[in-house]
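Subject: Handover of a structure, with findings

Dear colleague,

Please find below the structure that I am handing over to you. My account of what was found in it follows directly after.

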Amino acid sequence: MKFKLVTLSVILSFTLFNCKQESSTPDIPLIYANRNEIKLCNSKDSLLLNEALQSFETDLLDTYGDEKKNSNRAYTQFFNAVRTKRIDYTTMASDHTKEVLGALKTQQGLWVTDGTEYHLDYNNPIVECVSTNMTESGFKTTFKALLDTNSMSYRMYGEAIRKQTTMLNKDKYLALFVALDMYYAKMLNIDFSKVEAASNVDFNQTPPKQEDNHEGHNH
């Protein structure tokens with residue numbers, strides 16, 4: 001009986017340890033969990049990927065959408081801003097997006113850097129999931145060919161993806177790729193704490209008046 005209790009104790013301890021090790025993702029509010037559109041990727045963090053997608057598209061519409069929240073127009077404006085490098089990620093990113101970014105940073109092997117900028121690791125299983133599940137189209141053929149030849153880069157796919165704004169409304173796996181490679185990856189070099197500190201500086205504030213320590217001196 002004693003042996004059975006010891007064995008059960010070891011099994012429970014091992015199970016609890018594995019549960020703790022299974023996911024190191026920070027605990028953030030999943031405000032879009034009831035709209036999970038990333039269900040086919042074999043990842044324990046599919047809810048986080050969905051959160052990243054939904055938060056990105058919310059920022060997208062808030063920044064580039066019109067009164068009707070036209071996502072086609074918003075994606076067109078976003079792609080133009082990326083192409084011309086006139087995009088301000090610090091003002092586009094919501095507080096929730098920053099929380100999601102912090103959680104994504106804990107994912108091993110999600111991004112790589114060329115020393116200047118970050119981009120998705122195109123060998124990551126998430127990219128394979130995107131490639132498998134995106135809508136059949138000429139762009140999907142191009143996407144898979146770039147992966148197969150190890151030629152994937154924004155320089156290679158950027159012009160083609162700008163023509164997919166209509167498809168992005170429905171194809172949420174391709175939209176996830178855009179979110180991770182063209183949005184979150186580009187914020188990895190941004191220190192938002194410094195940005196927020198600088199924004200709190202009041203340049204109109206009058207500096208404190210210096211005390212005159214020359215009292216009693218002859219001038």
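The secondary structure of the chain amounts to 11 helices and two strands. Please bear in mind throughout that this is a predicted model. Along the sequence, the elements come in the order α-α-α-α-α-β-β-α-α-α-α-α-α. The chain has 219 residues, of which 37% count as buried. Its exposed surface is about 14,200 Å², and carbon and sulfur atoms supply 51% of that area. Among contacts between residues at least 6 apart in sequence, 62% join residues at least 24 apart.

Helix α2 and its partners

Helix α2 spans residues 46–64, and helix α10 spans residues 172–184; their axes come within 9 Å and cross at roughly 75°. This crossing angle makes α2 roughly perpendicular to α10, since angles of 65 to 115 degrees are classed in that way. On the α2 side, the contact is formed by L49, E51, A52, L53, S55, F56, E57 and D59, which meet K172, A175, L176, V178, A179, L180, Y183 and Y184 of α10. Sorted by class, the residues of this contact are 11 nonpolar, one polar and four charged.

Helix α2 also packs against α3, at an angle of about 85° and with the two axes 9 Å apart. Here too the angle makes the pair roughly perpendicular, α2 to α3. From α2, the residues involved are F56, E57, L60, L61 and Y64, while α3 contributes S71, R73, A74, Y75, Q77, F78 and A81. Eight residues of this contact are nonpolar, two are polar and two are charged. F56 and E57 of α2 take part in the contact with α10 and also in the contact with α3.

Helix α5 against α10

The buried residues of helix α5, which covers residues 95–104, are H96, T97, V100, L101, A103 and L104. These residues lie on the same side of α5, because they cover an arc of only 160° around its axis.

The axes of α5 and α10 come within 13 Å and cross at roughly 95°. That angle makes α5 roughly perpendicular to α10. T97, V100, L101 and L104 of α5 make this contact with L180, Y183 and Y184 of α10. By class, the contact has six nonpolar residues, one polar residue and no charged residues. T97, V100, L101 and L104 are also listed among the buried residues of α5. On the α10 side, L180, Y183 and Y184 serve in the contact with α5 and are also among the residues that meet α2.

A buried aspartate

D59 lies in helix α2. Is this residue buried or exposed? D59 counts as buried because its relative accessibility is 2%, and the cut-off for that class is under 20%. Apart from neighbours within four places in sequence, D59 is in contact with M92, A93, S94, T97 and Y183. One of these partners, T97, belongs to the buried residues of α5, and another, Y183, lies in α10. D59 and H96 are 37 residues apart along the chain, and their C-alpha atoms are separated by 9.7 Å.

Residues in loops

Two lysines have backbone angles that you may wish to look at. K69 sits in the loop between α2 and α3, the latter being residues 71–83. Its phi is near 55°, a positive value in a residue other than glycine. With a relative accessible area of 43%, K69 is partly exposed. K85 is found in the loop between α3 and α4, where α4 is residues 89–92. For K85, phi is likewise near 55°, again positive in a residue other than glycine. K85 is exposed, with a relative accessible area of 75%.

T135 is placed in the loop that joins α6 (125–133) and α7 (138–148). Its relative accessibility of 39% makes T135 partly exposed. Leaving aside neighbours within four places in sequence, T135 is in contact with K140, M167 and D171. In sequence, T135 and D171 are 36 residues apart, yet their C-alpha atoms are 6.2 Å apart in space.

With kind regards

Conventions
Residues are numbered from 1 along each chain as its sequence is written. This is a predicted model: local features need pLDDT of at least 70, side-chain atom pairs count only at pLDDT 80 or more; totals for chains, interfaces and linings use all residues. Side-chain values use heavy atoms; hydrogens and water are left out. Helices (H or I, at least four residues) and strands (E, at least two) are DSSP runs, numbered from the N terminus. Buried means under 20% relative accessible area, exposed over 50%, partly exposed in between (1.4 Å probe, protein chains only). Contact means heavy atoms within 4.5 Å. The arc is that of the directions from the helix axis to the C-beta atoms. Axes are lines fitted to C-alpha atoms, for helices over the stretch in contact, and angles run from 0 to 180 degrees between N-to-C directions. Angles under 35 degrees count as roughly parallel, over 145 as roughly antiparallel, 65 to 115 as roughly perpendicular and the rest as oblique. Ala, Val, Leu, Ile, Met, Phe, Trp, Tyr, Cys and Pro count as nonpolar, Asp, Glu, Lys and Arg as charged, and the others, Gly among them, as polar. Accessible areas come from the Shrake-Rupley method with a 1.4 Å probe; for residues, only the protein chains shown count as cover.
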